[in-house]
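Me: Please take a close look at one part of this protein for me. Start from a single residue and work outward. Keep it short and concrete.

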Amino acid sequence: MLKNKHIALYISGSIAAYKAASLTRLLVKAGAIVRVIMTTAATNFITPLTMQTLSKHFVYPQQITTADAPVAHIALADWTDIAIIAPATANIIAKMANGIADDFATTALLATTAAKFVVPAMNEHMWNNPATQHNLTTLRTNGVTIIEPTVGFLAEGYAGKGHMREPSDIVNYVASATMPALLANKKVLISAGGTKEPIDPVRYITNRSSGKMGYALAQVAQQMGAQVTLVSASTLPTPPGVTIHKVTTAQQMQTAMNDNFKQNDIVIMAAAVADYRVLHVATQKIKKTTDNDQLNLKLVKNPDILATLSQQKTHQYLVGFAAESQNLLANAQKKLINKHVDMLVANDISAKDAGFNSDNNRVTVLRPHQASQVLLLASKQQIAKEILTIISNEIKNKKPCD
Ligand code: PMT
């Protein structure tokens, strides 16, 4: 979501400066172009070489420099789309609040008109000090976003408020703030991952779904302002701000989807659900025998969750996915009609560079009585953004009787 955004990352002198390395890595992974500015105090905690290697650009030092432009602090200020100050010490917060510009970082910050995100990290008493709180109020009034610290274990050896937010939370926060709120006031229910059907206490039947596509949809829907519930058969970490229900089997997934269906506006089945489960699950581990080279497992059909949800549909916009290894469009078209969904997103799982467990996807979006729409190869986050943008337009244009 931060693709091609120009992000200036200002690092000031806190022990949390080490987290700026993963923050940079995540920003670059999200497609942003990152420039790093470090105060001298910051270089006591993490080296400029680390930050230069991760951002693929030299690091601006504390002193005013002419390294890449005659007036480098103004050139950087004008180049910036988003400024993130992480970690932000009480000192740099005080300077920003009072317009003090006595080094490269604070001069560029004073000059930039870009959106600013301050991510404080400090001792709890410094955080609670009225001077710091007054400075933070000034910054908020000036339109600066403060990504507040959490209560956590501080370097001083005790727990308190002042713990810098995790890099993944910061990226998500910045991405949300810069994402159009297309799904504000909407409730979105998404399933993700491959269900697991037990054979015995040791073994199970599953498929190649990682959950990445469903999780990307959940993350982007949350960033677009939706209240998101994720029913997950995956082990991926829960995206920030998303309510999660962990399940294992198709039957558990059906129960969780049914329980949440009524109160949601958009329901997306991105999970790869096992079509069959083992009829008699062994209570003890099945032993290998010497007299029989074959083992037969009797399978019984699982419920079709999507088809049953479509029967309960009232106001919901219902979306299915289809994983096809041949005749992609013909098979997906059949599913669109047979499962009575508003949209079917077809994946060609024979492609090596997309689909199951890949970070990227390439899909075709089918809707009743409309031309199909191809979404070209892109990150699953980008594909999720495009799918959710189409859904938000469909909902906007939907007449109450549709
Ligand atoms: O998880 P990733 O590694 O990121 O991979 C993403 C994905 C390829 C798994 C995903 O994008 C995808 O295609 N999910 C649907 C896979 C699938 O099960 O397709 P299907 O053609 O078997 O099912 C069609 C639809 O019916 C799906 O929405 C499925 O969730 C649903 N279904 C299927 C069987 C069943 N018993 N109940 C269902 O609700």
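**From one serine to the sheet**

Reply: Leaving aside residues up to four places away in sequence, Ser 392 touches Leu 182 and Leu 183. The model is predicted, so read every value here as computed from it. Ser 392 sits in helix H14, which covers residues 380-397. Its relative accessibility is 6%, which is under the 20% cut-off, so Ser 392 counts as buried. The side chain of Ser 392 also reaches the backbone oxygen of Thr 389, at 3.0 Å.

Ser 392 is a good place to begin for another reason. UniProt lists residues 183-392 as "domain: DNA/pantothenate metabolism flavoprotein C-terminal", in an unreviewed entry. The end C-alpha atoms of that span lie 7 Å apart. Leu 183 and Ser 392, the two ends of the listed range, are in contact. The span is 27% helix and 28% strand.

Now the sheet. Eight strands form an open sheet with mixed pairing. Their order is E12-E11-E8-E13-E16-E17-E18-E19. The edges are strand E12 (243-246) and strand E19 (373-379), and each pairs on one side only. Neighbouring strands are turned by 20° against each other on average, ignoring direction.

Helix H10 (residues 212-223) packs on this sheet. Helix H10 touches strand E8 (187-192), strand E11 (227-232), E12, strand E13 (266-269), E16 and strand E18 (360-366). The direction of H10 makes about 165° with that of E11. Helix H13 (residues 328-338) lies across E16, E17 and E18. That helix runs at about 150° to E17.

Look next at one pair of strands. Strand E16 (residues 317-324) and strand E17 (residues 343-348) run parallel and pair over six bridges. One residue match to find on screen is Ala 322, whose bridge partner in E17 is Ala 346.

What does Ser 232 touch in this part of the structure? Ser 232 belongs to strand E11. Beyond residues up to four places away in sequence, its contacts are Ala 192, Tyr 215, Ile 244, His 245, Lys 246 and Val 247. Tyr 215 also makes a polar contact with Ser 232, side chain to side chain, at 2.6 Å. Tyr 215 falls within the residue range of H10. Ser 232 has 0% relative accessibility, so it counts as buried.

The recorded binding site comes next. In the unreviewed UniProt entry, the annotation "binding site" covers Asp 275, Lys 285, Pro 303, Asp 304, Ile 305, Leu 306, Phe 321, Lys 335 and Lys 339. They span 65 residues in sequence, and the farthest two C-alpha atoms are 37.5 Å apart, so they do not all gather at one spot.

Take two of these residues. Asp 275 lies in the loop between E13 and strand E14 (276-278). Its relative accessibility is 57%, so Asp 275 counts as exposed. Asp 275 touches Val 300, Lys 301 and Asn 302, again leaving out residues up to four places away in sequence. Pro 303 is in the loop between strand E15 (299-301) and helix H12 (305-312). Pro 303 is partly exposed, with a relative accessible area of 23%. Gln 251, Gln 254 and Arg 277 are its contacts once neighbours within four places in sequence are set aside.

A brief look at the other recorded domain gives context. UniProt lists residues 5-176 as "domain: Flavoprotein", also in an unreviewed entry. That stretch is 44% helix and 21% strand, with end C-alpha atoms 14 Å apart. Val 144 lies in the loop between helix H8 (130-141) and strand E5 (145-146). At 10% relative accessibility, Val 144 counts as buried. Its contacts beyond four places in sequence are Lys 116, Val 118 and Leu 139. Val 144 is 27 residues from Phe 117 in sequence, yet their C-alpha atoms are 6.1 Å apart.

There is also a hairpin to find. Strand E6 (residues 150-153) and strand E7 (residues 159-163) run antiparallel, joined by four bridges. Thr 150 stands opposite His 163. Five residues lie between E6 and E7, and Gly 157 in the turn has a positive phi of about 100°.

Last, the whole chain. The protein chain has 14 helices and 19 strands. Its C-alpha atoms fill a box of roughly 75 × 60 × 40 Å along the principal axes. Of the 402 residues, 48% are buried.

Technical notes: Residues are numbered from 1 along each chain as its sequence is written. This is a predicted model: local features need pLDDT of at least 70, side-chain atom pairs count only at pLDDT 80 or more; totals for chains, interfaces and linings use all residues. Side-chain values use heavy atoms; hydrogens and water are left out. Two strands pair if DSSP finds at least two bridges between them. Helices (H or I, at least four residues) and strands (E, at least two) are DSSP runs, numbered from the N terminus. Axes are lines fitted to C-alpha atoms, for helices over the stretch in contact, and angles run from 0 to 180 degrees between N-to-C directions. Contact means heavy atoms within 4.5 Å. Buried means under 20% relative accessible area, exposed over 50%, partly exposed in between (1.4 Å probe, protein chains only). A polar contact is a pair of N or O atoms within 3.5 Å; within protein, one must be able to donate a hydrogen and the other to accept it, and residues adjacent in sequence count only if both atoms are side-chain atoms. UniProt positions are given in the numbering used here, feature names are shortened, and annotations may be inferred rather than shown by experiment.
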